[in-house]
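Welcome to a short tour of one protein chain. Take a look at the structure first, and then we can walk through its core, one of its strands and its charged pairs.

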Amino acid sequence: LLLSGCATSSAVQDVAATIEGDLGGGYLERESHLRIGGLTLAMAKGIARMAADLDQEERAALRSVRSVEVATYRVRDASLEAAAPDLRRVEARMSRQGWHPMVREREGNEATWVYVKGDPEGRLSGIVVVDYDGSELEVVRVVGRLDRVLAEALADDPDSAIEIFGP
């Protein structure tokens, strides 16, 4: 499933293609792909505003998101499902595009990476989350004025910040 006005390659597809190159003969089969931006996102925001009782900060956070892209891939080659791929090539590619690693977590065959990007004024303008569990890869990319969204999320649940960033 692809929703957008643009059929070009995306950051999510680039990440998946780079990881696929490290699978040593295996491949990724796309199970789902959703890209929302522009008109589709504007319509979704309008529906959310009408359907939900949002306060001023929640409305501002909603307005801050410009695009969302989510893709899920199944790893095809059972012999490769045991190990998480090495993300050095992904990290190099992301770095060249202005993305910086924020979280790197590995445990057994599972791995999660979070990359962030800032705008020229130093505000958080993008986040990419890569999650691999040995048999499936999920990549999420959100673009917009995300410092507002993050501030709202942390204000709603400050305990989550302690879990993520430590005491």
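## A good place to start: L137

Let's begin in the interior of this predicted model. Leaving aside residues up to four places away in sequence, L137 touches A16, I19, L28, A71, T72, Y73, V130, D131 and Y132. L137 is also, with Y115 and V130, one of the residues with the most contacts inside the largest nonpolar core, a group of 21 residues.

Which elements build this core? Two or more residues each come from α1 (11-21), β2 (65-76), α4 (88-96), β4 (110-118), β5 (124-132) and β6 (136-144). Helix α1 gives the largest share, with four residues. There is also a second core, separate from that one, with seven residues; I36, V65, V142 and L146 are among them.

## The chain as a whole

Stepping back, you will find six helices and six strands in the chain. Followed along the sequence, they come in the order α-β-α-α-β-α-β-β-β-β-α-α.

The chain has 167 residues, and 32% of them count as buried. Its exposed surface is about 9800 Å², with carbon and sulfur atoms supplying 54%. If you take the contacts between residues at least 6 apart in sequence, 59% of them join residues at least 24 apart.

## Y27 in strand β1

Strand β1 covers residues 27-37, and Y27 lies in it. Is Y27 buried, exposed or partly exposed? Its relative accessible area is 43%, so Y27 counts as partly exposed, because that class runs between 20% and 50%.

Not counting residues up to four places away in sequence, Y27 touches E20, R74, V75 and R76. Another link across the sequence shows up in the backbone: the C-alpha atoms of Y27 and D77 are 7.1 Å apart, although 50 residues separate the two along the chain.

## Charged pairs

Side chains of opposite charge can pair when their charged atoms come close. In this model the count of salt bridges comes to eight. One of them joins the side chains of R35 and E69, with 3.7 Å from N to O. This pair links distant parts of the chain, since R35 sits in strand β1 and E69 in strand β2, 34 residues apart. Are these two partners buried or exposed? R35 has a relative accessible area of 12%, so it counts as buried. E69 is buried as well, at 3%.

A second example is R123 with D119, where the closest N and O atoms are 2.9 Å apart. Here the partners fall into two classes: R123 is partly exposed at 28% relative accessibility, whereas D119 is buried at 19%. The value for D119 falls on the buried side because the cut-off is under 20%.

The side chains of D147 and R145 form a further salt bridge, again with 2.9 Å from N to O. D147 is partly exposed at 25% relative accessibility, and R145 is partly exposed with a relative accessible area of 25%. Finally, E31, R74 and E136 are joined into one network by salt bridges that share partners. R74 is a residue you have already met, as one of those that Y27 touches.

Definitions and conventions: Residues are numbered from 1 along each chain as its sequence is written. This is a predicted model: local features need pLDDT of at least 70, side-chain atom pairs count only at pLDDT 80 or more; totals for chains, interfaces and linings use all residues. Side-chain values use heavy atoms; hydrogens and water are left out. A nonpolar core is a set of buried Ala, Val, Leu, Ile, Met, Phe, Trp, Tyr and Cys residues joined through side-chain atoms within 4.5 Å. Buried means under 20% relative accessible area, exposed over 50%, partly exposed in between (1.4 Å probe, protein chains only). Contact means heavy atoms within 4.5 Å. Accessible areas come from the Shrake-Rupley method with a 1.4 Å probe; for residues, only the protein chains shown count as cover. A salt bridge is a side-chain nitrogen of Lys or Arg within 4 Å of a carboxyl oxygen of Asp or Glu.
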